[in-house]
Every structure is written in C-alpha cells, then in structure tokens.
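Thank you all for making time this morning. I would like to walk through one structure with you, element by element, so please have a look at it before I start.

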Amino acid sequence: MYLLASDWNSLEIAKLAVSILTPVLVLAIGLGVNRSLKRLEHRQWASQRIIQKRLEIFDELAPSLNDLLCYFTFVGSWKELTPVEVIKMKRRIDRIVHVNAALFSRNFRSKYSNFMGSCYETYTGFGRDAKLRTTASAHKAGAGDGWDPKWDDCFSDEETDPGAVRSAYHELMNQFSVELGIEENHSSRK
C-alpha cells in the first residue's frame, strides 16, 4: 500500500526529520570539534616554538647575566672582567633582550630592567656609555697592577648594594624560569 501525502501523520514526519537531521548534526559537531582541535594543535605548536626560542635566548644570556651578578657582588670570576668589558656586555645583552622583547611578558621585561638598573646608571649624557653602579676601589684592588686609570670614568657615583643586585638577579632568573614553563618559584626555596 502506498502512502499518500494525506496519510502522513506528525509522528512519521518527525521520524523522517530526525533521520535526516542526525547525520547533518553529527557532521556539524564533528567539523566543530575538528576545527577546535586544529586550533589547539596550532596553539601548542606556537607555544612550543616560543619556548624553544626562549631556551635559545636563555642559553645565550644566562652566562652573561651570571657574569654581571659576579662582577657586581664580588663573587666568582669578578676579577677577570674589566669595566670596559662589563659595559660592552650590557650593550650585547640589551640588544638580545630588546630584539626578542615580543617573546617575553611585561613582567619579564620589568624584572630585566630592574636588574640592569641595579647594575648600570644609564643616560649619562649624549654619546656616553652607561656607568657601573659599583665601587671602583674594590675593583681597582681586585685588578691590582692591571688597572687602567681610564677605567675610573666607567663608574657611577651612585652605587648599588650587592644584596640589591643579587635580589634583582634572582627575581629576573625566577621570571625567566616562569617564561620557560618551569612554574616553580625559586625565590621561595630556603
């Protein structure tokens, strides 16, 4: 027996609508999930690339930052560095950080500025180098007979306490570890 249009009741129409809409709905949901997964995959890939680049920058910066810590706190190899080398080191480090600033958070850039500000007096005059915020007399004594009197001009009258330099360094390195995805707060370790 053939059904005529008048023989269709609302239940049969609903069954037909559900049987047609089910595959369409499954397809739409599948496409939405697939699109979301692709976006998530792209974000993960981008995050991995950023962290990889930050690791490269860390490998390049960490030894120099540590040299600055040693120089301004009179530990480690501080006697091996000349004031001119330490000023040149600032230029090199600044260039790396500023070229890559978009890869780091505002918090990182702030901690970096705090650390560098504890080590150097900047804007000392047009065309003039930054000056070292540390005591010239201790560095003179450390250099012994190898001291060049021209280096006296490399030092600022504004000295920073070595403890403040150390604290700024640890804050910067702690933030660096956060930027690398290592969430541990190193400053809370005792």
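How many residues does helix 5 have, and how far does it reach from its first C-alpha to its last? Before I answer, please keep in mind that what we are looking at is a predicted model. Helix 5, which covers residues 162-179, has 18 residues and reaches 26 Å between those two atoms, close to the 26 Å expected at 1.5 Å a residue.

Let me stay with helix 5 and go through its ends and its buried side. At the N-terminal end, Asp161 acts as the cap, with a side-chain oxygen that lies 3.1 Å from the backbone nitrogen of Gly163. Just after helix 5, at Gly181, the chain takes a positive phi of about 90°. The buried residues of helix 5 include Val165, Ala168, Tyr169, Leu172, Met173 and Phe176, and among them are also Asn174, Gln175, Ser177 and Glu179. As for what they meet, the buried residues of helix 5 pack against helix 1 and against helix 3, which is residues 106-119.

Helix 1 runs over residues 10-73, and Leu37 is found in it. On the surface, Leu37 forms a nonpolar patch with Leu25, Ile29, Val33 and Leu40, and together these residues have about 460 Å² of accessible area.

Now to helix 2, residues 83-99, where the end C-alpha atoms are 25 Å apart, and this agrees with the 24 Å that its 17 residues should span at 1.5 Å a residue. Among the buried residues of helix 2 we find Pro83, Val86, Ile87, Met89, Ile93, Ile96 and Val97, and the buried residues also include Lys90 and Asp94. The packing partners of these buried residues are helix 1, helix 3, strand 1 at 120-121 and strand 2 at 131-132.

Following the chain past helix 2, we come to Asn100, which lies in the loop between helix 2 and helix 3. Is Asn100 buried or exposed? Asn100 counts as buried, because its relative accessibility is 14%, and buried here means under 20%. A polar atom of the Asn100 side chain lies 2.8 Å from the backbone oxygen of Ile96, and, leaving aside residues up to four places away in sequence, Asn100 touches Lys53 and Ile57.

Trp151 is another loop residue to look at, and its place is between helix 4, residues 136-143, and helix 5. With a relative accessibility of 14%, Trp151 counts as buried. Not counting residues up to four places away in sequence, Trp151 touches Thr82, Pro83, Val84 and Gly146, and I would remind you that Pro83 is one of the buried residues of helix 2. Between the C-alpha atoms of Trp151 and Arg54, which are 97 residues apart along the chain, the separation is 34 Å.

Finally, a word on backbone angles. Most residues other than glycine have a negative phi. Phe74, in the loop between helix 1 and helix 2, is not a glycine and yet has a positive phi of about 60°. Tyr123, in the loop between strand 1 and strand 2, is also not a glycine, and has a positive phi of about 55°. As for their surroundings, Phe74 is partly exposed, with a relative accessible area of 24%, whereas Tyr123 is exposed, with a relative accessible area of 83%.

How values were computed:
Residues are numbered from 1 along each chain as its sequence is written. This is a predicted model: local features need pLDDT of at least 70, side-chain atom pairs count only at pLDDT 80 or more; totals for chains, interfaces and linings use all residues. Side-chain values use heavy atoms; hydrogens and water are left out. Patches are made of residues with over 30% relative accessible area and no salt bridge: like charges are joined within 9 Å, nonpolar side chains (Val, Leu, Ile, Met, Phe, Trp, Tyr) within 5 Å. Accessible areas come from the Shrake-Rupley method with a 1.4 Å probe; for residues, only the protein chains shown count as cover. A salt bridge is a side-chain nitrogen of Lys or Arg within 4 Å of a carboxyl oxygen of Asp or Glu. Helices (H or I, at least four residues) and strands (E, at least two) are DSSP runs, numbered from the N terminus. The expected span of a helix is 1.5 Å times one less than its number of residues. Buried means under 20% relative accessible area, exposed over 50%, partly exposed in between (1.4 Å probe, protein chains only). Contact means heavy atoms within 4.5 Å. A polar contact is a pair of N or O atoms within 3.5 Å; within protein, one must be able to donate a hydrogen and the other to accept it, and residues adjacent in sequence count only if both atoms are side-chain atoms.
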